[in-house]
Each structure stands twice: as C-alpha cells, then as structure tokens.
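These are my notebook entries on one protein chain. I record what I looked up, entry by entry.

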Amino acid sequence: MNRPVPGCLIDAATLADEAETVGKPMVKAEQVWKSFGKLDVLRGVDFIVQPQQTFVLLGPSGGGKSTLLRCINHLEKIDAGRLYVAGELMGYKERGNALHEMKARDVARQRASIGMVFQRFNLFPHKTAIENVMEAPVMVQRVPRKQAEQEAIDLLGCVGLSAKLDTYPAQLSGGQQQRVAIARALAMKPKLMLFDEPTSALDPELVGEVLDVMKQLARDGMTMVVVTHEMGFAKEVADGVALMDGGVIVEQGPPREILVNPKEERTKLFLSKVLA
C-alpha cells in the first residue's frame, strides 16, 4: 500500500472550522443514559473531547461503547442527559428544562458534519470505489459532479488506492474496502470522525493499512472518537482513553496513565486479558 499522504486527508476548510472551536469541546457528554427495553446500556456517561484530539473507548463487548458512538451522531436517541458536538446539542432543541426532538432534516444536517466508519464497510456493492466516495457529496450536499469526482480521486489517492478507482467492493480486500469507507466519510468534510471497531473484521495482515490512515488523520488534526481493541494505536495516537463496562466509564485519562498505570481493578483486569 502507498502510505497515506500527510496533510492530504483533511480539507483545509474543515481545519479552519475546527480552529474556530478551539477552547470549546468538540464532543461533550453529560450524564447520558440509553435503554433498550428494561436494559440500561448507558448509565450516566460523562466525557469531553477537545478539537483535534483522538479519544479511544476500550472495554469488553456489551459495555456500551458502540451504543455511545451511535448516540453521538443521533443514530440512537438518548433517554436522558445531553450530547453536544461543537457546542450544538445533538438531535434536540432545549426549551426551558425540556428537550424537544428536532425534525429529521435538522438531524440530517447535524449528522452530515460527522463522519462514521463501521466495523462492516457498508459500501454500495454495485458502485465502484470512486462512485462510493462521490455518492454523498453529490446526492446530499449537491456538490457538482465534476468537483465531487476530482475530490474523490484525491481522497482515494490519499489512502493509497489511486489504482482502484474503478474497482467494485467485491474485488477489493477488506483493508482496501475499509480505506474506501474512510475516504467516503471524509468526502463529506466532517469536523468529527467516529470509528466503530474499524479493524475488527479484517484479517490480521490488513489491520496495519487501515491504522496507518487513522494515524495520519490524527497527525493532521482530525478530531476522532474510536472504539477499538488496538492497544498499540491507543498508546501511540490517543490523547485520552476511557474504559467502558456495564454502561459506565470505569476510568478515563491520558493513555500513559490508563494503559500503563490504571487505578481501577476492572481496568487492570481488562488490560491483563487484552495484553496477555
């Protein structure tokens, strides 16, 4: 794979927008609760991610990490608390002390500024790599097709896929498909990227090529919230790490503290199994 190109993945206007938010959290969760039936999946979650930081969520399966990620961009509706992105309350308007859900078009506007990369690649199988990357800018943002095409070419080049523009997903490896998925998310010029275990469905030898793109994104200044079990990535790239279990954040802080010298027994137990 060609290495991701420094400064190539993030649109200059995106970084300019992020510069305006310096001093304000990019993501702020306040006592977030989420239930499915009688099961409380999130139970009073609090955390803050500053602009241009990478925040990594660790923990066992079923701990609430993916649900929290989906709540950030309102793919899941929270039952209590507040979630803000760039100072804007996600999915709701607040009147007095009451929350009123936004109309679908207003939620879609908010969500358009947040990129999300899933465990499964979710590419359109009947569209080529370049068509997958062009789709949302053309259909959602009404970007002229010629402009969207050139931006897609540039982005796919940035993730090392210049030779795969006209290739269909079924003809790509898992790592290549995930890199197309990252380029597709970046094509919307998001101010925040969410990654939900982006390497867990990949063969081990393909993990590195996806992590390389994510590391370059972090170096270039993209704000990211990442659910992963890749400890090396967390140690190298993260500004903050949180361990989630049972719907709560057990412990959070800088990676050198949480991953090297955790205070909570639950964190120590989790890391002993993951790092064994």
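**Entry 1: strand S9**

Which residues point one way from S9, and which the other way? I found Leu192, Leu194 and Asp196 on one side and Met193 and Phe195 on the other, and all are buried. The model I am reading is predicted. The pattern is one I had reason to look for, because side chains in a regular strand alternate between the two faces of the sheet. Strand S9 covers residues 192-196, and five of the five are buried, so the strand is largely enclosed by the rest of the structure.

I then looked up the pairing partners of S9. Strand S8 (residues 114-117) pairs with S9 in the parallel sense, over four bridges. Within that pairing, I noted Leu194 of S9 as the bridge partner of Met116. S9 also pairs with strand S10 (residues 223-227), again in the parallel sense, over five bridges. Here the bridge partner of Leu192 is Thr223 in S10.

**Entry 2: the chain as a whole**

I turned to the totals. The chain has 10 helices and 12 strands. Its radius of gyration is 18 Å; a compact globule of 276 residues would have a value near 19 Å, so the two agree. The C-alpha trace spans about 50 × 50 × 35 Å along its principal axes.

I recorded 52% of the 276 residues as buried. Of the contacts with a separation of 6 or more, 67% are between residues 24 or more positions apart. The exposed area of the chain is about 12,800 Å², and 50% of it is supplied by carbon and sulfur atoms.

**Entry 3: the antiparallel sheet and helix H2**

In what order do the strands of the open, four-stranded sheet run? I read the order as S2-S1-S4-S5, with antiparallel pairing. Strand S2 (39-49) and strand S5 (88-89) are the edge strands, each pairing on one side only. Inside the sheet, strand S1 (residues 27-36) and strand S4 (residues 80-85) are antiparallel and share five bridges. As an example of their register, I noted that Val27 has Val85 in S4 as its bridge partner.

Helix H2 (residues 65-72) packs on this sheet and touches S1, S2 and S4. The direction of H2 makes about 65 degrees with that of S2. Six of the eight residues of H2 are buried, so the helix is largely enclosed by the rest of the structure. I listed the buried residues as Lys65, Thr67, Leu68, Leu69, Cys71 and Ile72. His74 follows H2 and has a positive phi, near 65 degrees.

**Entry 4: salt bridges**

I searched next for charged pairs, because side chains of opposite charge can pair when their charged atoms come close. The count comes to 13 salt bridges. I looked up three of them in detail.

Glu76 and Arg70 meet through their side chains at 3.6 Å, N to O. Is Glu76 buried or exposed? Its relative accessible area is 18%, so Glu76 is buried, the cut-off being under 20%. Arg70, at 27%, counts as partly exposed.

Glu101 forms a salt bridge with Lys77, with the closest N and O atoms 3.2 Å apart. This pair links distant parts of the chain: Glu101 is in strand S7 (residues 98-101) and Lys77 is in the loop between H2 and S4, 24 residues apart. Both are partly exposed, Glu101 at 41% relative accessible area and Lys77 at 43%.

Glu88 forms a salt bridge with Arg109, the closest N and O atoms being 3.0 Å apart. This pair, too, links distant parts of the chain: Glu88 lies in the edge strand S5 and Arg109 in helix H3 (residues 104-111), 21 residues apart. Glu88 is partly exposed at 26%, and Arg109 is partly exposed at 46%. I also noted a network in which salt bridges that share partners join Lys34, Arg70 and Glu76.

**Entry 5: Thr167**

My last entry concerns a loop residue. Thr167 is found between helix H5 (145-158) and helix H6 (174-186). At a relative accessible area of 15%, Thr167 is buried. Leaving out residues up to four places away in sequence, I found that Thr167 touches Thr128, Ala129 and Leu172.

Terms used. Residues are numbered from 1 along each chain as its sequence is written. This is a predicted model: local features need pLDDT of at least 70, side-chain atom pairs count only at pLDDT 80 or more; totals for chains, interfaces and linings use all residues. Side-chain values use heavy atoms; hydrogens and water are left out. Two strands pair if DSSP finds at least two bridges between them. Helices (H or I, at least four residues) and strands (E, at least two) are DSSP runs, numbered from the N terminus. Contact means heavy atoms within 4.5 Å. Axes are lines fitted to C-alpha atoms, for helices over the stretch in contact, and angles run from 0 to 180 degrees between N-to-C directions. The radius of gyration is taken over C-alpha atoms; the globule rule is 2.2 Å times the number of residues to the power 0.38. Buried means under 20% relative accessible area, exposed over 50%, partly exposed in between (1.4 Å probe, protein chains only). Accessible areas come from the Shrake-Rupley method with a 1.4 Å probe; for residues, only the protein chains shown count as cover. A salt bridge is a side-chain nitrogen of Lys or Arg within 4 Å of a carboxyl oxygen of Asp or Glu.
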